[in-house]
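Please open the structure in a viewer and keep the sequence panel at hand. The tour below moves from the whole chain to selected residues.

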Amino acid sequence: MERTVLLAAPRSYCAGVERAIEVVERALEQSAAPVYVRKQIVHNTYVVRELGKRGTVFVDGLDEVPDGATVVFSAHGVSPAVRAEAARRGLDVIDATCPLVTKVHSEARRFAGRGDTVVLIGHAGHEEVEGTMGVAPERTVLVQTAAEASALELDDPEHVTYLTQTTLSADETATIVEALKRRFPHLKPPPSDDICYATTNRQHALRSIAREADLVLVVGSANSSNSERLVELSRSLDTPAHLIDGAAEIDSAWLEGARVVGLTAGASAPDLLVDEVIDHLRTLGPVDVTERTVTTEDVHFALPQHVRPPS
């Protein structure tokens, strides 16, 4: 069968992911000893596996890191308690937290400091949420759905600010915010949108192709929040979608009758995996690739001083 692949753009790495991966690569170049990373540097199986081959040691907690060793904090950020533990242990910390996550932490600290209750919209258990909740745990509550927002009880309903996880669905978040506004008329927003530009851009790009496709393939790992949101978005537009770590996970049954395949990748997935998917489809018949670009990204984040090359 001849197929058309509609390739969404932007897709794949965002500036925060590129920065985090480069931090680890430079740390490996600079250190003869193992470089430890708390959690996954970004949520992608391929990236973690490849960095592991080069000597990176991924750990769940700082108790697995030897005293005085180098440890990298992942792009998702950590709580102040984790930073304090690292300082107490004398660990050599390199902070790869995405600057957009750092922005949310700063907002949480500022709003809690002025006496507000901070309502964090996000997913329980996600590392970014755990880090943000830890900034001001006594003044922060987590809301995951509009139903939870509508039922939320607070001691001081007139002093409430909301923040969001950076990798959420823009549409779903807007619904939750509206529910919060109905519940708390004095609700204050963050100074600027917390959902990151890359998450929003990838959702807009997918929206531009999903309705024309018979099937959407999203390259990304199962623990990647922004990748999962892309799958949900396609399905909400009535186009079947599947999340895959790479071409090897494509089920041939998905492709039956699919003459137009939409293809994108989450912000933590390398574009080379997208190329492999296209190559795989070409083994099944002729493929015409059309890229649909909705915007061009030119964001760049400076590296931490610790690993910045000499000027």
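A residue is called buried when its relative accessible area is under 20%. By that criterion, 51% of the 311 residues of the protein count as buried. The model shown is a predicted one.

**The whole protein**

Begin with the complete chain in a cartoon display. The protein has 10 helices and 12 strands. Its C-alpha trace spans about 60 × 55 × 35 Å along the principal axes. The radius of gyration is 21 Å, which agrees with the value near 19 Å for a compact globule of 311 residues.

Next, switch to a surface display. About 13,700 Å² is exposed by the protein, and carbon and sulfur atoms supply 49% of this area. If the charged residues are then coloured, there are 30 positive and 46 negative charges to find, and the mean positions of these two sets are 3 Å apart.

How do contacts relate to sequence separation in this protein? Among contacts between residues at least 6 apart in sequence, 76% join residues at least 24 apart.

**First stop: Arg38**

Select residues 35–38, which form strand 2, and locate Arg38 within that strand. Is Arg38 buried or exposed? Its relative accessibility is 16%, so Arg38 counts as buried. Display its surroundings: beyond the neighbours within four places in sequence, Arg38 is in contact with several residues, including Val59, Asp60, Leu62 and Phe73. A distance to draw in the viewer is that from Arg38 to Val57, whose C-alpha atoms lie 8.7 Å apart although 19 residues separate them in sequence.

**Second stop: Ile41**

Move along to Ile41, in the loop between strand 2 and helix 2 (45–53). Ile41 has 0% relative accessibility and therefore counts as buried. Leaving aside neighbours within four places in sequence, its contacts include Ala20, Val24, Leu51, Phe58, His76 and Ala96. Val72, Phe73 and Ser74 are also among the contacts of Ile41, and these three residues are in contact with Arg38 as well. For a longer view, select Tyr197: Ile41 and Tyr197 are 156 residues apart in sequence, with their C-alpha atoms 20 Å apart.

**Third stop: Ser234**

Finally, select helix 9 (residues 225–236) and find Ser234 in it. With a relative accessibility of 0%, Ser234 counts as buried. Which atom does the side chain of Ser234 reach? It reaches the backbone oxygen of Thr239, at 3.0 Å. Thr239 is also listed among the residues in contact with Ser234, beyond neighbours within four places in sequence, together with Leu206, Ala210, Val216, Pro240 and Ala241.

Technical notes
Residues numbered from 1 in each chain as written. Predicted model: local features only at pLDDT ≥ 70, side-chain atom pairs only at ≥ 80, totals over all residues. Heavy atoms only, no water. Helix = DSSP H or I, 4+ residues; strand = E, 2+ residues; numbered from the N terminus. Buried < 20%, exposed > 50% of the residue type's maximum accessible area, 1.4 Å probe, protein only. Contact = heavy atoms within 4.5 Å. Polar contact = N/O pair within 3.5 Å; in protein donor to acceptor, adjacent residues only side chain to side chain. Rg over C-alpha atoms; globule rule 2.2 N^0.38 Å. Areas by Shrake-Rupley, 256 points an atom, 1.4 Å probe, with all protein chains shown as cover. Lys, Arg positive; Asp, Glu negative; His and termini not counted. Charge placed at Lys NZ, Arg CZ, Asp CG, Glu CD.
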